[in-house]
Amino acid sequence: MSNRIAVFGTGYLGATHAACMAELGHEVVGVDVDISKLAKLESGEVPFYEPGLEEVLKRNIANGRLRFSSSYHEAAEFADVHFVGVGTPQKRGEYAADLTYVNAVVDTLAPLLTRPALIVGKSTVPVGTAQKLANRVREIAPAGNEVELVWNPEFLREGYAVQDTLHPDRLVLGVDRQSEGWAEQIIREVYAQLLNEEIPLLVTDLATAELVKTAANAFLATKISFINAMSEVCEAAGADVSLLADAIGHDARIGRRFLNAGIGFGGGCLPKDIRAFMARAGELGADQALTFLREVDAINMRRRTRMVELTREALGGSLLGASVAVLGAAFKPDSDDVRDSPALNIAGQIQLQGANVTVYDPKAMENSKALFPTLNYATEAQEACRGADIILVLTEWKEFRQLDPRSIDGIVRKRMIIDGRNCLDANLWRQSGWTFRGLGRN
Ligand code: UGA
């Protein structure tokens, strides 16, 4: 059965969700206030790099199931299910999440809802937000109690957004305690194809659903910082963190995934989500429960400083005047996202301390230039490495993992490389006559 769906926000989450809901057979309108983004999407162009999304977008525009609009009136008129997928960035100068965009969608949409409708929140919000919004919707929507708000957190990873949306590990649905059950029924229709694949749907109250999302990201961040803390100990003890991760990862209770030590986590989600979580716990009087996240954040940020220090050491104690090639600027491979990217942060710090830094990234060049216009940018890896005193691999793109030392032997000034992501074969580089260093590796 096909539903009429509106998706508010056309960023990573919203654009992917809109395209994937159309892929499931629904009729979808994607809504945004950013006209230039809408124009790109309408012409079948994804405004960011996300493997596989463009085909889904183009296919569903062509078959008429997917379109875009800036009109809330049109969306309210057309759709019965309204997904909210706008951003909740960190507030300036504070840890808390900025809810301006979520509030704006609800405040603009609800007064236009004159018949029964379902609002489905997907954005990552501090626990307690959904209940407040649910109450507000009932108050300001002309259809009153016939409009219900539920929360359906999103767990997609950039780089795997389509796969994660169409084949998630689980679906979570938070419903208002006053709900009469029709909201769950509609969600079951919307995700019928996924439920047929036996993807579990966990139905909870609103607060639990909001918390599932923040808890999941807090756990992932903790796992990464745990292995990075081990990396610090390995460096001090002369041990190897990659082998350590492999060995503990064989224990199924621990698991090898998300145990890659390196320069740490960045991006538009994990860093700001753990901070917003701490801020919210403080408001709830449960701050003690999350003080460990402060340590998780601190360990993570320390990896960036450690990478700068390691570079300085390798260069004989000073960065001044050195030529540094940085391979990778995105916060992770298969993404052009540089929001809070450890790679770009490190490149910036090294440049500010007097080195001459040249950056290359397969997809994130444009976004990097906009954020850090003062760095030098090369159009390919070889060009970035030309005349370099040292090479830093800071994002584990396949292209860099497969880099052949012999292809750059003759163009660098010194054969020195630091692997900030533990993604290279140390033996291969050493056998080719390079000085190789890795974070947390002897
Ligand atoms: C993360 C979560 O993984 C998603 O489940 C969630 O939906 C999303 O945030 C969100 O809240 O929207 P994402 O930010 O796309 O997804 O990226 P991840 O794959 O989680 O990687 C985050 C950072 O951790 C990257 O900088 C990555 O390089 C780093 N990382 C990851 C490590 O340093 N080590 C690892 O072992 C794994």
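What span should the 24 residues of helix α13 have at 1.5 Å a residue, and how far apart are its end C-alpha atoms? In this predicted model, helix α13 covers residues 291-314. Because the expected span of a helix is 1.5 Å times one less than its number of residues, α13 should extend over 34 Å, and its end C-alpha atoms are 35 Å apart, which agrees. After α13 comes Gly 316, whose phi is positive, near 85 degrees.

The ligand offers a second route into the structure. Its surroundings comprise 21 residues, the closest being Leu 156, Glu 158, Lys 213, Asn 217 and Phe 331. By class, this shell consists of 10 nonpolar, four polar and seven charged residues. Both domain 1 (4-199) and domain 2 (206-442) take part, each providing at least three residues of the shell. Among helices, α10 (206-237) and α12 (270-283) each contribute at least two residues, and α10 gives the most, with four.

Several polar atoms of the protein can be placed relative to oxygen atoms of the ligand. In Lys 213, a polar side-chain atom lies 2.7 Å from a ligand oxygen. For Arg 421, an N or O atom of the side chain is 3.2 Å from an oxygen atom of the ligand. At Leu 259 the backbone is involved instead: one of its polar backbone atoms is 3.4 Å from a ligand oxygen. Around the ligand as a whole, the protein covers 90% of the 710 Å² of accessible area that the ligand has on its own.

Key: Residues numbered from 1 in each chain as written. Predicted model: local features only at pLDDT ≥ 70, side-chain atom pairs only at ≥ 80, totals over all residues. Heavy atoms only, no water. Near = heavy atom within 4 Å. Polar contact = N/O pair within 3.5 Å; in protein donor to acceptor, adjacent residues only side chain to side chain. Areas by Shrake-Rupley, 256 points an atom, 1.4 Å probe, with all protein chains shown as cover. Nonpolar A, V, L, I, M, F, W, Y, C, P; charged D, E, K, R; others polar. Domains from an automatic or database assignment.
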